[in-house]
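User: Hey, got a minute to go through this one with me? I'd like to begin with the empty spaces inside.

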Amino acid sequence: MAEAFMNFVNTTLDWVTGALDMPSARAQVFGFQIGGHLFIEVFLLVVILFLLSQKSYKPPKRPLTNKEIDELCDEWVPEPLIPSLNEEPYAPPVLESAAGPHTVINGKEVVNFSSANYLGLIGHKKLLDSCSSALDKYGVGSCGPRGFYGTIDVHLDFEARIAKFLGTPDSILYPFGFSTMFSAIPAFSKKGDIIVADEGVHWAIQNGLYLSRSTVVYFKHNDMKSLRETLENITSKNKRVDKLRRYIVVEAVYQNSGQIAPLDEIIKLKEKYKFRVLLDESNSFGVLGKSGRGLTEYSGVPIEKLDIVTADMGHALAAEGGFCTGSTRVIDHQRLSSSGYVFSASLPPYLASAAITAIDILEENPELLSKLKNNISVLWKELSKVPGLKITSNKESPIVYLRLEKSTGSQKDDLCLLEKIAQRVLEEDSVFVVVSHRSTLDKCRLPVGIRLFVSAGHSEYDLRRASESLKRVSEQVLGGHD
Amino acid sequence: MIAIPYLTALTTYFSYGLLFAFGQFRDFFRKLIDWSKANTLQGYAPICLGLEDFYIRRLYLRIQDCFGRPISSAPDAWFDVVERYSNDNNKTLKRTTKVSRCLNLGSYNYLGFAAADEYCTPRVIETLKKYSPSTCSSRVDGGTTVLHNELEKYVASFVRKPAAIVFGMGYVTNSAILPVLMGKGCLIISDSLNHNSIVNGARGSGATIRVFQHNIPSHLEEVLREQIADGQPRTHRPWKKIIVIVEGIYSMEGELCKLPEIIAVCKKYKAYTYLDEAHSIGAVGKTGRGVCELLGVDTADIDIMMGTFTKSFGSCGGYIAGSEDLIKYLKYTCPAHLYATSVSPPAAQQIISSIRVILGEDGSNRGAQKLAKIRENSNFFRSELQKMGFEVLGDNDSPVMPIMLYNPAKIPAFSRECLKHNVAVVTVAFPATPLLLARARICISASHSREDLVKALQVISKVGDLVGIKMLKIVGVIESICVWIVIVKSCPSSTRPRASTPMVFEDQAAKVVVQKLREEGEENRRLVISEVILNEWINGSSKQNPAKVVTYQPIYEGIKGLQIVRVIMKQTQKTQLHGVKKKSFMGSQSGSGLVDMDKDSRTIREQQVSLERDVLVSPEGENGVGDPHGARAGWTVGKKGFAAGVKEQCRQVEALFRRNSLCLAMMERKLRLRSEPTHSR
Ligand SMILES: Cc1ncc(COP(=O)(O)O)c(C=O)c1O
Ligand SMILES: Cc1ncc(COP(=O)(O)O)c(C=O)c1O
């Protein structure tokens, strides 16, 4: 065996030396002598080329066997469906009557600052009448999405009414306020488009931004300098920006701080940088402006300058649902592309009917608005002096927002303190105010606070009761805290 | 899977191609005109992109009068459809003051609670007066009234879960819950035909999404195995948790979910289950408790039960029901609970009252009647449609029945013609269905009377002829139809897989049963008998020869249905049965019954060839489920000599069953499906 091998090696060597010694090995080409090394070099070159032509080495792929998969499946341990909660979730007080300016909790009448019933329409006779006749005529639910016999004539009437009221070409009614923004945004903004949004926008908008898959850039809360810089940055950096759809998303009155967006400045910036504006008027519609037409009227901006305006009807209109208003093209596009509109049963007709009546009431009773404005300014003034708490909301915002002057440093502890105040205010003085609870999904990082939703239905006495109670209790709760 | 006939697919493609070409042609000229005019965009990108818009402008607008028809009354069995006209070729539609009274086959008014109800409406109005239409506040702020807590209790006990939480809209329920439960590193496995709200919720959660083929548990298992073995993409870390999302009744297919199998798979692989009962809650099940009740699934096996109130309950909103901890967690952090307006109090009252009616807590049996009615109506309508040769999708007992149209031109034709005859139907096309699979969808309600349905059938049949959508032609002739209770002395176990055992009777007992059936059957249209009764009949009569009664599917507890077994003798069946793929000649609608019967198959095939007999078995159980697999009918080939002794009895019962022709249509359809390879599932 070994001998045979040696023989083989020897013959090979002989063969190689023979080849090198061949006459051709000494040949001269163009004056060069081709030595034996040349053969070796050529040979090496060929080998290298051969190796290069081979694909890089990959271990052969061996799929897992069934048994291995079985084992993996057996070994896998899922996390629990939900993380365990250490604390009991906050249990809100249970109302025993309508959520009007005064309501009943635990058998006691309390002043209610928790409902965005800005015009005080809860319990309004005309509103109830229109609801009950609608209930008689149409039943409760609509039993179908708008496309499939869920369009009831009151829906169309409402859409026409709201467009007429706001002076826009058309509007579209959504079955739920919460779904309006998160359906409308993805209908117009897709992957690659650019959205510049305020960092304080509420969750429904955040969700819409996320679902749109667009490039979202946040600017500092209600800070026009930051907005300008952001817009400048985007337009100067991105060459293709002309081809993309660009939007600025803001709220008229921020639910998370009570601030009012400076619309005239936003419009200036928008026109300079050629962005479109999406405005959420949920807390300003029926509140701001001479006749309650919202932020546009308040800032003296023609509504045509805005591209998409949305609002929740569960606030000033004391109904439910939401609407979006704008040009015919914008509205028609949503009728087939907006998921919350297409794929959901339409608004119960009695609520559409209630909303129509609410607008009628608003138009017929301008004193409601002046009463509301008066109430807002009274409460704002009173509450600006609460010890330990600081007002962050605008003077004219129907949401009066109080945050801790000195945060404890953790949102949870802040909430605890605020909750304690709210609870004592309710228990001791029968004033129902609420704390801004935040979901763990919410990206808004603005400070938490106590929110008071002012209503035209509150009397001076109610307002005074609330402010005095808050002053007294927060002094006691926060006094020791300092 | 819907298999489209070759020619239909071709013509459908051609139609869409033509529409597309014309659309592009018109767009081209539109562009030319726009070009010559000044640019109105002024530096903005167009708000609706060209192709996004194309479908709407060039296809949808042509037929937009078939959608979004306004109504001016409650969406009851009959409703007022407002007439519209257009002066610009359908681009815009204007309302007139004229209405036409139409039969409503479109609304999700399954139990008939959409209209004023003697029990619900007064309570709703009372609630309206007490609580106003809205709370103007979210649940966690000032939007929780006594009514809301009561509603949650009612819902929890109705769906048989420890706790529940309600929201103001069904869509939001799905799309706001999923982001709370799932996140990065989690996996959502979703049925390919799940509703948009689920898709949106899954997208919003940031979890990885995988899809399994619609209602195919084996594919679900495949996906699960693959995903658990692979782990997360790139990092291959194990998944944090996996959730499987299915619907009870698929609203565009009319199909029932194959829940028992899916649950079994999920349990095996430790995946959580999420069941969306939007269309099934209230509409199916003996006491209206949805698919779980219908298919005999323990609700404890489902982690998250979701449903909406917009359908059977005639209200608005949605719920999640689950363990106490789950609901507590949702109340702690779900954005829809924290930020969205709470359910409108009158709507909440409507839900409570309708649940009370369904459960008979109103002191009447109207709820039970409604449930019986919707089931009867649905099954009647479906079987009649099938008999007419329409290609109807979906399962028995489901009140949703799509009729396939395919060609785009048939969509408006069908819809407009039906409307002309005062029957309002829903037609569905892209994007709600795949482009090729346009269909009409019929939703049956408990408020439809038999006359209503007969009228509807007449109209649909006529329109169907006109439009050419009776796609299924009867192949072959069934010469004689016989019905018998299968009488088998003993079945070799190899032919009875999965204990799907027809009853075992002695000859004598069979006679008694046939006799009894005739007596009872004259009164009860539905020949549904329970096991107990049958046992009584038999054992009461022939003591010395007690029959052994075996439940049809003892594997699945809760389904006690005893099947009425029909035998269809076919003389000309040979060719058709040769299309069967597997060796055996046992089949069922769902196909899972195609088990191997190697041992007997040879004999059976011989019988087949000798044209002696095939025995077709159609189970129909006490609660309408033959089989939790989704099979509502199945067939078996019997042994030689099997039939001989009972032919006479068959004839006797035949007349009885003629009227209950439901199964027959299904048999025919199935045989056709089986015989054409393109149609196999
Ligand atoms: C399966 C499914 N889930 C959720 C929804 C949404 O419910 P709602 O109409 O109450 O928003 C629907 C409605 O059509 C549905 O079919
Ligand atoms: C007689 C008979 N009918 C129906 C079935 C049900 O078939 P599947 O569950 O596969 O749809 C079977 C199956 O086992 C059967 O034996």
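User: So how many cavities of 30 Å³ or more does the count come to?

Analyst: The count comes to eleven cavities of 30 Å³ or more. Keep in mind that this is a predicted model.

User: How much space lies in the largest cavity?

Analyst: About 300 Å³.

User: And which residues lie nearest its centre?

Analyst: Those are A:Gln255, A:Asp312, A:His315, B:Tyr339 and B:Ala340, out of 27 residues that line the largest cavity.

User: Which elements give two or more residues to that lining?

Analyst: In chain A, α7 (177-188), α8, β10 (308-312) and β16 (449-453) do. The biggest share comes from α7(A), which gives four residues.

User: You mentioned α8 of chain A. How many of its residues are buried?

Analyst: Nine of the ten residues in helix α8 (residues 203-212) of chain A are buried, which leaves the helix mostly covered. They are A:Trp203, A:Ala204, A:Ile205, A:Gln206, A:Asn207, A:Gly208, A:Leu209, A:Leu211 and A:Ser212.

User: What comes just after α8(A)?

Analyst: A:Arg213, and that residue takes a positive phi of about 60 degrees.

User: Switching to chain B. Which residues of helix α10 are buried?

Analyst: In α10 (residues 324-333) of chain B, the buried ones are B:Leu326, B:Ile327, B:Tyr329, B:Leu330 and B:Thr333. They sit on the same side of α10(B), because the arc they cover around the axis is only 160 degrees.

User: Why would that kind of spacing put residues on the same side?

Analyst: An α-helix has 3.6 residues a turn, so residues three or four places apart point the same way.

User: OK, and what covers the buried residues of α10(B)?

Analyst: The cover includes β3 (163-167), α5 (170-181), β8 (304-308), β9 (318-322) and α11 (335-338), which belong to chain B.

User: Let's pick a residue from α5 of chain B. Where does B:Thr173 stand, buried or exposed?

Analyst: B:Thr173 lies in helix α5 of chain B, and it is buried, with a relative accessible area of 0%.

User: What does B:Thr173 touch, leaving out residues up to four places away in sequence?

Analyst: B:Thr173 touches B:Phe167, B:Tyr274, B:Met306, B:Gly318, B:Tyr319 and B:Ile320.

User: There's another threonine I'm curious about, B:Thr144. Where is its place?

Analyst: B:Thr144 is in the loop between α3 (120-131) and α4 (146-159) of chain B. B:Thr144 is buried too, at a relative accessible area of 3%.

User: Which residues is B:Thr144 in contact with, leaving aside neighbours within four places in sequence?

Analyst: From chain A there are A:Pro92, A:Pro93, A:Val94 and A:Leu95, and from chain B there are B:Arg139 and B:Asn149.

User: Now cysteines. How many disulfides does the structure hold?

Analyst: Zero, over all chains.

User: Why is there no bond for A:Cys143?

Analyst: The closest cysteine sulfur to that of A:Cys143 belongs to B:Cys443 and is 10 Å away, which is too far for a bond. A:Cys143 is also buried, with a relative accessible area of 1%.

User: And B:Cys186, what is its nearest cysteine sulfur?

Analyst: That would be the one in B:Cys266, 15 Å away, and B:Cys186 is in no disulfide. B:Cys186 is buried as well, with a relative accessible area of 3%.

User: Zooming out, how many helices and strands are there in chain B?

Analyst: Chain B has 21 helices and 17 strands. Of its 681 residues, 64% count as buried. Among the contacts in chain B with a separation of 6 or more, 73% join residues 24 or more positions apart.

User: Where does UniProt place the "transmembrane region" in chain B?

Analyst: An unreviewed UniProt entry places it at residues 6-25. In the model, that span is 100% helix and 0% strand, and its end C-alpha atoms lie 28 Å apart.

User: Last one: which residues does UniProt list for "domain: Aminotransferase class I/classII large" in each chain?

Analyst: The unreviewed entries list residues 102-460 of chain B and residues 109-469 of chain A. The chain B span is 42% helix and 16% strand, with its end C-alpha atoms 14 Å apart. For the chain A span, the figures are 45% helix and 16% strand, and the end C-alpha atoms lie 16 Å apart.

Note on methods
Residues numbered from 1 in each chain as written. Chains lettered and ligands numbered in written order. Predicted model: local features only at pLDDT ≥ 70, side-chain atom pairs only at ≥ 80, totals over all residues. Heavy atoms only, no water. Buried < 20%, exposed > 50% of the residue type's maximum accessible area, 1.4 Å probe, protein only. Arc of directions from axis to C-beta. Contact = heavy atoms within 4.5 Å. Disulfide = S-S within 2.5 Å. UniProt positions renumbered as here; feature names shortened; annotations may be inferred. 1 Å grid on protein atoms, 1.4 Å probe; cavity = no way out; pocket = protein on both sides within 12 Å on 5 of 7 lines; lining within 4 Å. Points joined across faces, edges and corners; volume = space filled by probe spheres on them.
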